[in-house]
Every structure is written in C-alpha cells, then in structure tokens.
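Work through the exercises below with the sequence and the structure side by side. Try each task before you read its solution.

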Amino acid sequence: MGSEMCIRDSLLVVDSLNQKLQVISINRNTMTDIKLCDQEGYSMGTIQGQICLQHAFGDGKRLSCSKTVDAVSGLFQNIPISGYLAMNMGGIPQMNDAVGGVEVTVQQDISFPKAGVNLKKGQKVTLNGTQAYYYLHGRDTEEYDSATKRLQREEQYIVAYMDKLKKVSTENPDQVTEIYNSVSDYLVTSVDFTSMI
C-alpha cells in the first residue's frame, strides 16, 4: 500500500510495504489548469498556467497547498494524493543540520561567495545548512532551463535526506521529534506527525 504527498514541485510516492520512496519531479513550468481564487477561497475561474503559479492563489498556507494538491492530482489523471507538506525555504538550514548534514555528489557548480558557498560539480560533500539552502534554492535565472537543473538537485537531496533521516531515526528514535520540532515553524502540512514518521 502506498501514499503520495505533494511537496514543492514534486510528488513523493511512499511504498510503506516495501519501505521505498520515489520522487516524481514536476517542472515549475508545466502547464496545467490553475484554479483562481481569492484569499478566502472564493472561486474566480480557471486558466491555463504554470503549475508553480497555483500556490499564489489562496492564503499562502493551507488553502494554497490544497489548491496545489488539486493541480498536481489533475496532472496525474486525478490520482488521489493523501497529503501535502510545504516548507518555507528558510527552514532548509535547520532541517539539514538537524540530521547532521546531508551527503551529496554536487551536480553542478554552485557559487554564492557572499554566503561562503562554493560547491564544485563532482565534489562529494556533506552539506551544512547554508550550503543546503543554496544547493536547493539557487539557480542562474540568466541560464535557460536552470529550473530543471535545480529540480534535479532537489530530487537528489530529498532522497539523500530521507535516507539520512531513516538512519538517524533508527539509531535514535527520540531524535525524530527534535528534528520535526526544529522545522515545525516553517511547515504547512496536512499530514500528522505520526503518519509522517
């Protein structure tokens, strides 16, 4: 039995029976039906637009997430999605550092000198919080299709993070609560804590 959660431009498919995780990336520029509504949720019609725009129609929290789940579900022929998890990007450093960093093989050069971040393609590194933030958030808007490269890094990171979280939780189950608490102020989710674990 599996379940799916929509998380920032991705669909996370969890096969609980076989303890496997699959990330299906959704490019932010994917065109789909966008349901327009105001902050109170009153419908203002539907347009064709980039899926990344759906979140903007709503309250920026639960209503926006619910509308985004509907849009993602529609892309997959109305597949039922059991929940969503949205996190403000500002929570990435805490999320990353709460598990002691996440190891990745850098997929492309990432350089933000003012933040002290200089990652080179092919380098195997355990990302600290600041590095993780720029690895997941940074992209060159002057470069064509840089959003796709960022999406690939995000997918890589999510899988590596979940593997690290599984390892940490096996070694110290109580630490999972600490990890959740470290990012809870940054989260909007329909998934209860117990189910998430």
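**Exercise 1. Overall form**

Which radius of gyration does the protein have, and what value would a compact globule with 197 residues have?

Solution. Before starting, note that this is a predicted model, in which local features need pLDDT of at least 70 and side-chain atom pairs count only at pLDDT 80 or more, while totals for chains, interfaces and linings use all residues. Residues are numbered from 1 along each chain as its sequence is written, and side-chain values use heavy atoms, with hydrogens and water left out.

Begin with the rule for a globule, which is 2.2 Å times the number of residues to the power 0.38, the radius of gyration being taken over C-alpha atoms. For 197 residues a compact globule would come near 16 Å, and the protein has 17 Å, which agrees. Next, take the principal axes: along them, the C-alpha atoms fill a box of roughly 45 × 40 × 30 Å. Finally, the secondary structure comes to 6 helices and 11 strands, where helices (H or I, at least four residues) and strands (E, at least two) are DSSP runs numbered from the N terminus.

**Exercise 2. Helix α1 and Ser64**

Find the span of helix α1 and compare it with the expected one, then describe the surroundings of Ser64.

Solution. Helix α1 covers residues 62-75, which is 14 residues. The expected span is 1.5 Å times one less than the number of residues, and the 20 Å from the first C-alpha of α1 to its last is close to the 20 Å expected. Just after α1, Gln77 takes a positive phi of about 55°.

Now turn to Ser64, whose place is in helix α1. Buried means under 20% relative accessible area, exposed over 50%, and partly exposed in between (1.4 Å probe, protein chains only). Ser64 has a relative accessible area of 0%, so this residue is buried. Leaving aside neighbours within four places in sequence, Ser64 is in contact (heavy atoms within 4.5 Å) with His55, Phe57, Gly58 and Asp59.

**Exercise 3. The cysteines**

How many disulfides does a search of the whole structure find?

Solution. The criterion is a pair of cysteine sulfur atoms within 2.5 Å, and the search finds 0 disulfides. Check Cys37 as an example: the nearest cysteine sulfur, that of Cys65, is 12 Å away. As for accessibility, Cys37 counts as buried because its relative accessibility is 4%, whereas Cys52 is partly exposed at 23%.

**Exercise 4. The nonpolar cores**

Which residues of the largest nonpolar core touch the most other members, and which helix gives the largest share?

Solution. A nonpolar core is a set of buried Ala, Val, Leu, Ile, Met, Phe, Trp, Tyr and Cys residues joined through side-chain atoms within 4.5 Å. The largest one has 23 residues, and Val102, Val104, Leu119, Leu127, Tyr135, Tyr157 and Tyr161 touch the most other members. The elements that each supply at least two residues include α2, β7 and α5, while the largest share, 4 residues, comes from α4. Apart from this core lies another, of 10 residues, among them Ile26, Ile51, Val72 and Val188.

**Exercise 5. One side of a helix**

Why do the buried residues Val176, Ile179 and Val183 of helix α5 lie on the same side of this helix?

Solution. First locate Val176, Ile179 and Val183, which are buried in α5 (residues 175-183). They cover an arc of only 60° around the axis, which puts them on the same side of α5; the arc is that of the directions from the helix axis to the C-beta atoms.
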